[in-house]
Amino acid sequence: EHDACAQLPQFGADFAKTDGTGGRGSKIRVASGQLPAGMHRFSVIVRRVSGGPESIARKAVQVNSSFFAPLRLQFPSYGYSGIVQLADGVPQVSAFMDLSSAQCSTPTGVQWRWFLVEDRLTAVVERALSTTYNTSNGLLYLWSGSGGQLTAGVPYFHVLLQSESQEILDQVLTENRPALDSVLQNGVAIAAQSPMFVADQAPLGGLISVMPGFRGLSLRTTFRISTSQWQDEDLMSLEYEFLTFPFQAINQSVQDLGIDWEDPDSDSFWMKLGGRRFRLFDRSPEAFLQAPPGSHSIVVRARDVRGSISVISSSVPLAVDAEHNFSVPDATALLARVEVTNDVTQLLQAVHVISLIADPAVKVKTCSTDFFGSVTCDQIPSAEVVRPALKTLAAAVPFVQTSDTLGKLGLAVEGMVRVAFEPVHQSVDVTAVFGDSLDPDQGNFTEDSFEQEHSEKVFANVTRIQVLPEFLTSMASVLTMGQQQILLHQASNAVRGLEGFAAQEAWGAIVSLLSAVQGTPSSDGPMLTQQVRALIDGLGALALPLLPVGRELSLRSPLNQTVRADMILAKVDAGSNIRLSGLLIPRDAAGGQGSQNCAETEVQLTEWYSLNPHFAAPRGFGVTDFFLPNTSIKGLLLRRCGEPVFTQGLTRPVEIVLDIDQPQGVQPGYLVDHMCAVFDDGLGAWSTTGVSSKNAVTNTSTQMICQSSRSYGYFAALYRVVREVPPNTTSPPPPEIEEDTGLSLPAIIALVAGGAIFLGAAIGGIYAWNLARSKKPVEPEEEEEEEVVEESESESEVKELPDPDPALTKLRQAAEAGTLTAREILARHSGPTGIRQELVWALDKGYENKRREAARMKVKRFAQQGDAEGELAKSDNDDDNQRESCTQVKAIKVKTRPR
């Protein structure tokens, strides 16, 4: 053996082991003639470079003196998992041979048969399987038989034995369960071998019991759900998951209850059927449930150590009744009971149930009439329900560490928004969009009215939801802290990512929160909006790691919300263009070809309807004034290896399809000017820089394709209604062309008379010139020449150039004037690439102007103070002189008085 192995390339002197006992590498190539005929056993030892335990794999190879076409195994369906369900029996496998090969001859006189080998401590041949042949497209297939019983938990594999004698193959099982090594003799060899598999049986049986019974009240009854009487080969390792469904949603007559647990697009997907998890997989066979009013089915899923799952449901519905009169003490008592359990699932579940019950109760007024006919109406204040619930959520956030708990946190926050909000009617100024185009009196205009400015403003009436600002701040803080908890656990590899159902529940909370922030006037609106946008990006970062390449995850806003917002997450190959619904991204937008460590591009696309993630952008900058309440917006963010990608100056632009709502009621004589816009984080305003429309938009278009030279941002389809320029109808007609017919008689007479007059005038002029020479000339007075300043051509051209970016100019002027501070610029006018350099220069200039103005005012105050002291001294001197003169006059008068 050593001499034969020493001839193989990996066992030569160039490798670490030169003693003939082994070599390095994942492949060994054996050329013809290197090994003698006979049986050879190869062993592969696998170890980590850093050390640790080793694993070993062995392979027996039969070398014959003749050349046969090799048999290759067709990879079986169970190969990746290594699990076969016990009820399915022995799986079918196959091997194939290429009969068209010119180098290897087709074997003649060789027999094959499949055998099933049981591999416990020693590999033993358990049974012979039927073997069938099939030829297709130049390939010879050898199929094994399937079916037959297996023993649960026992590992098996298939072997295809070959021999030149059918009799020898028939004698393999003359002994009961012979060892495989003892069979491989007398010319019997292994032609193919399948991967090992284990026969696994899903847990059997199972019952569900409920305490105190299958009936209770929504707020006052905490149900204890238990499951028992399961059967499995490893009963102590079973894990259980608890769910509730509407009783009519599941089919009790089928084994799987008619529930699809894998495909989110299926109509029978568990979330679409109304399923709600109240306990994830855990070894504890009991869980606690706080259920909303209704009729529910309890569903329990049992999972064994190999991943096989069985599902059962309660045959009796769980009937939960609502309290006759909802009261705040009932809600606070429930919160107090679950807080002492220190169970984060029960805490979040209780808040969600309270929101479902309190939502209609706080919106209804209860009126009663007393004996004297006086009507008294009472309404439960929503704040008394929301405030303790938010306090409970804040206490539960530090324990949010799984996808399930983050999803339940999202459900609780969404429910509290429904309880706390009040519908409000707001008017949005859209004069910049429509002008006077909706005024019937302005429809048929004349030239005189074309330049007139409209005097009346146009408003759009919208209905939004409003929540107390203190509640919005608490809800945003709770969601942010919960998301940060999961991100920290993801960074430490404690969790891989956010599952799809939890991402859907968290997305509903984010949309409802943004809707409430947009409808609530508050000084914290810009800060809360920025916090919600961070929640959007954080949700994408959590959900994308679990998404396989080539798949999409669609998140929809709940149907009971007044607004609509969708998120599409996708993971695609980085080496190709990205095509999603309404989106085309060139491959160089995310950094070009995929590298060795990161070959995928992650796409986060959000779509907003009647909801603006940048509603707090100040008006008067860019094209922000052209936004309507129903403007369609899409947000785009790309990631590579989990890191966001911000690419600008693309040679091949990104294409985004945006919906258009055409204006209604526009009078004749007006045109609709459509435009693409992108939110410029550096300006804090919507801008048309770097975006353009690919297609021509008409008054019947429902979509427009916007092209962007950057790979990120929020994009919108805007329009404004402008007057149609009337045609010029006052230009004079062109002169008529007269035909030349020669000089007529009156023309000849006129020419002769004109010549005589000219001759007389010439003689008179000569006479006057002679008289002038005889007199002394009078010199004229010199006149001052006016200095004419010629304007250079370059200066006139500069004055005529339009402002390329009026929004940036307006911000720069405000920063130079000191009315726009650095704090405001950082909060509203900064993006992922930082603050625009022009604004930094403007801030520096503004600070310098302030410093100089302060110094000038200080000098002025000192000067004014010095002038005041001088005037005071002068006034004192004048008073002294006046008093002195008066004394002298009086003295003179005294001296002249007679004695």
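In this predicted model, helix α7 passes helix α11 in a left-handed crossing. The two helices, with α11 spanning residues 500-519, pack at an angle of about 30°, and their axes are 8 Å apart. An angle under 35 degrees counts as roughly parallel, so α7 is roughly parallel to α11. On the α7 side, the contact includes S403, D404, G407, K408 and G410, along with L411, V413, E414 and V417. Facing them from α11 are F501, A502, E505, A506, G508, A509, S512 and A516. Sorted by class, this contact holds eight nonpolar, five polar and four charged residues.

**A residue to follow: V413**

A good place to pause is V413, which sits in helix α7, the stretch from 403 to 420. Is V413 buried or exposed? With a relative accessible area of 0%, V413 is buried. Leaving aside residues up to four places away in sequence, V413 touches L393, M475, V478, L479 and A509. A509 also appears among the α11 residues that meet α7, while L393 belongs to α6, and M475 and V478 belong to α10. The C-alpha atoms of V413 and A506 are separated by 8.8 Å, although these residues are 93 positions apart along the chain.

**Two further helix pairs**

Helix α7 has another partner in α5, which covers residues 344-361. Their axes lie 8 Å apart and the packing angle is about 25°, which makes α5 roughly parallel to α7. This crossing is left-handed. From α5, the residues V344, T345, L348, V351, H352, S355, L356, A358 and D359 take part. They meet T405, K408, L409, L411, A412, G415, M416, R418 and V419 of α7. The contact is made up of 10 nonpolar, five polar and three charged residues.

Next comes the pairing of α6 (residues 382-396) with α10 (residues 469-491), whose axes come within 10 Å and cross at roughly 25°. These helices are therefore roughly parallel to each other, and their crossing is left-handed. Here A383, V386, R387, L390, L393 and A394 of α6 meet E470, F471, S474, M475 and V478 of α10. By class, the residues of this contact divide into eight nonpolar, one polar and two charged.

The table sets the three pairs side by side.

| Helix pair | Crossing angle | Axis separation |
|---|---|---|
| α7 and α11 | about 30° | 8 Å |
| α5 and α7 | about 25° | 8 Å |
| α6 and α10 | roughly 25° | within 10 Å |

**The disulfide**

Let us turn to a covalent link. A disulfide is a covalent bond between the sulfur atoms of two cysteines. How many disulfides does a search of the whole structure find? The search finds one. This disulfide is formed by C676 and C706, with their sulfur atoms 2.0 Å apart. The pair links distant parts of the chain, 30 residues apart: C676 is in strand β34 (residues 670-680) and C706 in strand β37 (residues 703-708). The torsion about the S-S bond of C676 and C706 is about -85°, so the disulfide is left-handed. Both cysteines, C676 and C706, are buried.

**Backbone details worth a look**

Some residues stand out through their backbone geometry. The peptide bond leading from M211 to P212 is cis, with omega near 5°. P212 is placed in the loop between β13 (204-211) and β14 (215-217).

Positive phi values are also found in residues other than glycine. In Q229, phi is near 60°. Q229 belongs to strand β15, residues 223-231, and counts as exposed at 57% relative accessibility. For L257, phi is positive at about 65°. This leucine is found in the loop between β16 (239-246) and β17 (276-282). Unlike the exposed Q229, L257 is buried, with a relative accessible area of 4%.

**The protein as a whole**

Stepping back, the protein has 17 helices and 38 strands. Of its 899 residues, 41% count as buried. Among the contacts in the protein with a separation of 6 or more, 74% come from residues 24 or more positions apart.

How values were computed
Residues numbered from 1 in each chain as written. Predicted model: local features only at pLDDT ≥ 70, side-chain atom pairs only at ≥ 80, totals over all residues. Heavy atoms only, no water. Axes fitted to C-alpha atoms, helices over the stretch in contact; angles between N-to-C directions. Helix = DSSP H or I, 4+ residues; strand = E, 2+ residues; numbered from the N terminus. Parallel < 35°, antiparallel > 145°, perpendicular 65-115°, else oblique. Left-handed = near helix turned anticlockwise from the far one by under 90°. Contact = heavy atoms within 4.5 Å. Nonpolar A, V, L, I, M, F, W, Y, C, P; charged D, E, K, R; others polar. Buried < 20%, exposed > 50% of the residue type's maximum accessible area, 1.4 Å probe, protein only. Disulfide = S-S within 2.5 Å.
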